[in-house]
Amino acid sequence: MSEVGPLSGLAPGQSGTVAGCRAGHGLLGRLASMGFTPGSRVLMVNNYGHGPLLVMVHGARIALGRGEAARILVRRVEDVSHG
Amino acid sequence: MVELKAPARPRKAASRPLTCCDTTLRQFGLPEGGNAVTVALVGQPNVGKSTVFNLLTGLHQHVGNWPGKTIEQKVGLCQEEGVPLVLVDLPGTYSLTAGSEEERVTRDFIIQQQPDVVVLVADASNLERNLYLLSELVLLPPPIVLALNMVDVAEQNGIAVDAEALSRALGLSVVAMVAAKNVGVRDLLDVVEQIACDQEVYSPARPELRPDHRQVLDTLLQVIEGHVPPPYQPYWVGVKLLEGDREVTELARGWLPAERWEKVHNILFRHEDAILDIAGGRYEWVAAVLEGAQIQHGLGQVTLTERLDRWTTHPIWGLGILGAAAALMFFLVYAVGAPLQGLMEDYLVTAPAAWVTEALQGAPGWVVSLLTDGIIGGAGTMLTFIPILAIFFAALGFFEDTGYMARAAFVMDRFMHLIGLHGRSFLPLFLGFGCNVPAVMGARIVDAPRARLLSILLAPLVPCTARLGVLATLAAAFFGPQAFVVTLTLIVVNLVVLALLGVLLHRVVLRGEQVAFIMELPLYHRPNLQSIGLFVWHHLKAFIVRAATIIVGASLVVWALSNLPTGDIGTSYLAAFGRALEPVGRLAGLNWELMVALLASFVAKENSLAVMGVLFGAGQSGLGLTDLLPTLITPASALGFLAMQMLFIPCVATVAAIKKETGSWAWTLLDLGLLLVVSFAGGIIAYQVGLLLGWG
């Protein structure tokens with residue numbers, strides 16, 4: 001099993017599965033309904049090191065603030081098709 | 001043992017009298033107490049829900065507000081044949097948690113008004129995400145029809161959806177359609193009518209909780225049993241309690257006796273993160289439903305959305321594209337809109353004024369003046385802004401409908417963060433370039449209350465078309481070849497002031513929670529002309545109504561102030577007021593006439609030009625205002641005036657909107673006070689800069 005880290009640590013093209021969310025109740029509910037539930041696969045689309053990020057989760061393209069992305073913990077998944 | 005699934009609702013007789021919506025029926029000219037079927041349209045933003053609504057109702061729409069809410073309410077009538085359908089276009093939502101006003105309005109309507117049928121419009125190319133909403137809707141009693149919209153786009157993206165298999169898996173009617181091409185709409189109507197008249201028991205597939213929380217829910221349901229008043233369903237209340245839904249928790253606290261509430265509270269306290277599990281279970285349910293019904297044969301192919309997003313969401317290219325889009329829009333507004341405004345002025349102001357003067361030759365002078373200067377000059381001038389606003393809103397509707405607006409919010413997010421806002425606030429503020437009123441009202445889409453308030457307070461600092469019109473006219477008159485540079489500089493300075501004030505309010509007055517930025521970027525699609533047309537129409541209609549009410553009233557007050565007691569503006573109350581303020585104005589190079597022009601802009605920004613025309617006697621001397629002004633005022637004074645009028649308190653219509661949206665006189669007055677200080681400071685600085693540049 002690979003290491004668990006914040007979603008904001010993924011580079012574009014990398015993906016991970018959600019391991020948990022460190023958020024207060026309101027944000028937790030929003031993140032969950034947007035699809036960031038434990039076990040969900042998240043693909044990083046845009047991450048320029050600063051500013052908001054763009055990820056793909058459950059087939060939707062979601063823009064996230066960097067602060068919010070840092071609260072989502074993901075377990076890196078090695079790309080199966082290229083690995 | 002408590003039953004685990006929500007009980008199926010016995011179907012009520014079709015075509016029941018729609019007593020709750022008698023006012024709606026009256027609006028559409030239907031007999032009160034008559035038969036009608038209520039159909040609620042729900043769906044995520046940008047799935048073509050409005051297209052379906054517009055297609056079915058055309059111009060038989062009534063747009064208002066949800067009672068007590070700041071969310072737009074759209075109700076329409078569809079009377080093809082048989083029973084009339086009253087369609088309610090519920091706000092676009094991703095889920096039914098009470099996280100936002102939209103979500104609250106949607107679920108309150110479905111629970112309390114119990115529509116006969118709920119149509120869930122879903123984007124067929126993004127079903128995994130879209131059906132999450134369905135997983136929540138099936139817990140509520142009204143029967144659902146799933147409208148699979150944009151199946152053509154899905155095909156292009158390599159996604160084939162088997163509507164029949166989906167229908168079997170869900171236990172619901174599913175209609176495939178392409179609303180933008182009017183395909184499948186007839187089928188949808190047939191299905192809706194059939195369900196409304198059907199006596200069959202409605203029992204769709206429903207997501208189950210994961211085993212560990214199922215036990216918890218069981219216990220919870222036993223505790224609340226017998227204490228949930230209709231129209232609420234105990235099962236739904238239990239699930240929402242477990243989700244940690246704030247609103248339902250409050251309700252339950254009121255329903256339950258203290259000792260039962262204590263039990264509920266203890267259970268919930270131990271399962272605070274149940275929402276992750278519940279939502280996870282729903283996504284699993286959606287995946288299972290889709291497994292046999294959706295085939296992705298083009299997996300991995302790069303879609304149009306992905307290709308476009310590489311550019312539009314890039315931190316540098318994305319900004320460039322946004323800049324180009326905004327530049328194109330302003331080019332259209334001024335290249336096409338401004339000449340049209342000139343034409344409108346001839347037809348709505350000059351010609352009617354001349355006609356009234358002609359027709360009322362025997363009448364007392366003040367009557368003619370009241371009609372020509374007061375009403376035609378005030379409200380008529382306001383109406384000449386229609387072409388400019390129409391182009392502006394058409395461009396905005398285009399960006400919104402294609403899905404581009406979300407990208408603009410995305411690239412602006414990092415800048416908006418500096419002033420304590422996030423990307424979503426960019427959308428309403430951008431609207432402010434057209435007119436500040438929709439900007440203030442548009443702040444509703446900002447989810448966090450603090451960020452919404454800040455967006456509202458900053459909106460008046462976005463230069464609207466009227467202010468830009470005054471700026472362009474006067475800059476051309478005073479600065480000749482340098483007009484463009486002066487105009488651009490003033491706009492940039494204006495926006496910098498907006499940012500600084502944002503930082504100030506954010507850091508000092510409105511300190512608090514950092515706002516979360518989470519936003520779905522919808523798939524791009526071809527713009528729908530009818531949707532854009534109606535978007536423009538609704539905004540213009542609201543504008544015209546304002547012009548006919550607030551503006552006429554305010555114009556009359558200003559007319560009275562500028563004509564009483566002598567009938568000559570030079571000796572009027574307004575002039576006396578302007579003279580009293582002259583010492584302050586002097587600091588910014590403003591004489592009393594310019595002070596009066598500034599004050600008059602409170603009615604409507606473009607009024608300042610008209611008032612200058614009167615005060616300086618344009619027309620009498622044979623010279624037009626723009627030729628006359630440079631002979632009377634120095635360019636430095638003009639610069640002071642321009643800076644001041646751009647930063648000055650907004651027009652009365654905007655002030656009314658601020659009061660309405662903040663619901664607070666304190667915030668409104670604080671905002672006006674701040675703007676007054678900022679505008680005088682700006683005016684003084686600009687005047688001094690003008691003097692330094694040798695424009696004295």
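1. Two residues are in contact here if their C-beta atoms, placed from the backbone, lie within 7 Å. The model under discussion is a predicted one, and in it Leu120(B), once its neighbours within four places in sequence are left aside, is in contact with Val42(B), Gly43(B), Leu133(B), Leu134(B), Leu137(B), Ile144(B), Leu146(B) and Ala147(B).

2. Those contacts can be read together with the largest nonpolar core, which has 234 residues. Leu120(B) is listed among the residues with the most contacts inside this core, and the others so listed are Leu41(B), Ala147(B) and Leu148(B); of these, Ala147(B) is also one of the contact partners of Leu120(B).

3. As to the division of chain B, the domain assignment gives domain 1 as 19-197, domain 2 as 211-296 and domain 3 as 553-692. The C-alpha centres of domain 2 of chain B and domain 3 of chain B lie 58 Å apart.

4. In chain A, strand S4 (residues 53-57) is mostly covered, with four of its five residues buried. Strand S3 (residues 41-46) of chain A runs antiparallel to S4(A) and is joined to it by four bridges, and within this pairing Asn46(A) has Leu54(A) as its bridge partner. The hairpin of S3(A) and S4(A) has six residues between the strands, and Gly49(A) takes a positive phi near 85° there.

5. S4(A) also pairs with strand S5 (residues 60-64) of chain A, again in the antiparallel sense, over five bridges, and Val55(A) stands opposite Ile62(A) of S5(A). This second hairpin has two residues between S4(A) and S5(A), and His58(A), which lies in the turn, has a positive phi of about 50°; a colleague checking backbone geometry may wish to look at this residue alongside Gly49(A), whose phi is likewise positive.

6. Turning to the contact between the chains, 30 residues come from chain B and 31 residues from chain A. On the side of chain B that touches chain A, the elements that give two or more residues are helix H4 (127-137), helix H12 (274-291), helix H17 (404-418) and strand S10 (518-521) of chain B, and H12(B) gives the most, with five residues. By residue class, that side of chain B divides into 13 nonpolar, ten polar and seven charged residues.

7. Strand pairing also crosses from one chain to the other, for S5(A) and S10(B) pair in the antiparallel sense over four bridges, with Leu64(A) standing opposite Ile518(B) of S10(B). S5(A) thus has S10(B) as a pairing partner in addition to S4(A).

Key. Residues are numbered from 1 along each chain as its sequence is written. Chains are lettered from A and ligands numbered from 1 in the order in which they are written. This is a predicted model: local features need pLDDT of at least 70, side-chain atom pairs count only at pLDDT 80 or more; totals for chains, interfaces and linings use all residues. A residue is buried if 20 or more other C-beta atoms lie within 10 Å of its own, exposed if 12 or fewer, and partly exposed in between; C-beta atoms are placed from the backbone. Two strands pair if DSSP finds at least two bridges between them. A nonpolar core is a set of buried Ala, Val, Leu, Ile, Met, Phe, Trp, Tyr and Cys residues joined through C-beta atoms within 7 Å. Domain bounds come from an automatic or database domain assignment. Ala, Val, Leu, Ile, Met, Phe, Trp, Tyr, Cys and Pro count as nonpolar, Asp, Glu, Lys and Arg as charged, and the others, Gly among them, as polar.
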